[in-house]
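This report is meant for a reader who has not seen the structure before. The sequence and the model are shown first, and the description comes after them.

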Amino acid sequence: QGNKERVPVEGSAQSDEGLPQLCEYMNQSVMVETFDTNSHPVDADISFECFGTRCDIGRTNNGVLNGNFPACVNGFIKATSEGYVDAKSMYSTNHEGRVEILMNKLYNLNVNLLKSGVQSNEQAVVNFVSDENTVTILYPEQRSVELSEGQYNISVYSYIYSGFFPYRLF
């Protein structure tokens, strides 16, 4: 009221107790299998996300984890592993089951920009955009990029001398 804090009405105290922590009740058994595009097992860290809460579940061993998950409808089981794109799968853990997660390998690729057929060392922003992933590098400081298999829309922007110069990338 005015410039003074308001005084709560008596009997309208707000409870400090929120919803119980989702990760405290992990009692649903789910088998998670992670593998690459060649059906080889991938060891990955597994977590579960539901209602804005993330629970660490464990790590697959030879691509398999039998873990306990909290019961939740339409949560996401997420797999992360070095050298692979993070992958996730929507899954309702209100019942026991099995989930297979396909992980795409990352490949380290060198980037060279040519301007009029000659190698360029001018500064440029290079965007690699696919349906699943977007990666941006600042050339020439960064001359390599990690990308997974797939089709990418590649765009290069340079603002040298307040102009725009098209590049050919290979």
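The text below covers the nonpolar cores, two sheets and one loop residue.

The model is a predicted one.

**Nonpolar cores**

In soluble globular proteins, nonpolar side chains tend to be buried together. The largest nonpolar core here has 21 residues. Within this core, the members that touch the most others are Ile46, Phe69, Ile77, Ile101 and Met103. Seven elements are listed as giving two or more residues to the core: strands E1 (26–35), E2 (45–50), E3 (53–59), E4 (64–70), E5 (75–80), E6 (87–91) and E7 (97–102). E2 provides the largest share, 3 residues.

Which residues does methionine 103 contact, leaving aside its neighbours within four places in sequence? Its contacts are Thr34, Phe35, Asp36, Thr37, Val42, Ala44, Ala79, Thr80, Ser81, Tyr84, Val85 and Ala87.

A second core, separate from the largest one, is made of 12 residues. Leu113, Ile137, Tyr139 and Val156 are among them.

**Sheets**

Two open sheets are compared in the table.

| Strand order | Pairing | Average twist from one strand to the next |
|---|---|---|
| E4-E1-E7 | mixed | 35° |
| E12-E11-E14 | antiparallel | 15° |

In the sheet with the order E4-E1-E7, 3 strands take part. E4 and E7 each have a single partner strand and stand at the edges, so one side of each has no neighbour in the sheet. The pairing of E1 with E7 is parallel and runs over 6 bridges. Valine 30 lies opposite glycine 97 of E7.

The sheet with the order E12-E11-E14 is also formed by 3 strands. Its edges are strand E12 (134–139) and strand E14 (153–157); each has a single partner strand, so one side of each is left without a neighbour in the sheet. Strand E11, residues 124–129, pairs with E12 in the antiparallel sense over 6 bridges. One pair joined in this way is valine 126 and isoleucine 137, the latter in E12. Isoleucine 137 is also named in the second core.

**A loop residue**

Serine 81 sits in the loop between E5 and E6. Is serine 81 buried or exposed? Its relative accessibility is 13%, so serine 81 counts as buried, the limit for buried being under 20%. Not counting residues up to four places away in sequence, serine 81 touches Val42, Asp43, Ala44, Asp86 and Met103. Met103 also belongs to the largest nonpolar core, and Val42 and Ala44 appear among the contacts of methionine 103 as well.

How values were computed. Residues are numbered from 1 along each chain as its sequence is written. This is a predicted model: local features need pLDDT of at least 70, side-chain atom pairs count only at pLDDT 80 or more; totals for chains, interfaces and linings use all residues. Side-chain values use heavy atoms; hydrogens and water are left out. A nonpolar core is a set of buried Ala, Val, Leu, Ile, Met, Phe, Trp, Tyr and Cys residues joined through side-chain atoms within 4.5 Å. Buried means under 20% relative accessible area, exposed over 50%, partly exposed in between (1.4 Å probe, protein chains only). Helices (H or I, at least four residues) and strands (E, at least two) are DSSP runs, numbered from the N terminus. Contact means heavy atoms within 4.5 Å. Two strands pair if DSSP finds at least two bridges between them. Axes are lines fitted to C-alpha atoms, for helices over the stretch in contact, and angles run from 0 to 180 degrees between N-to-C directions.
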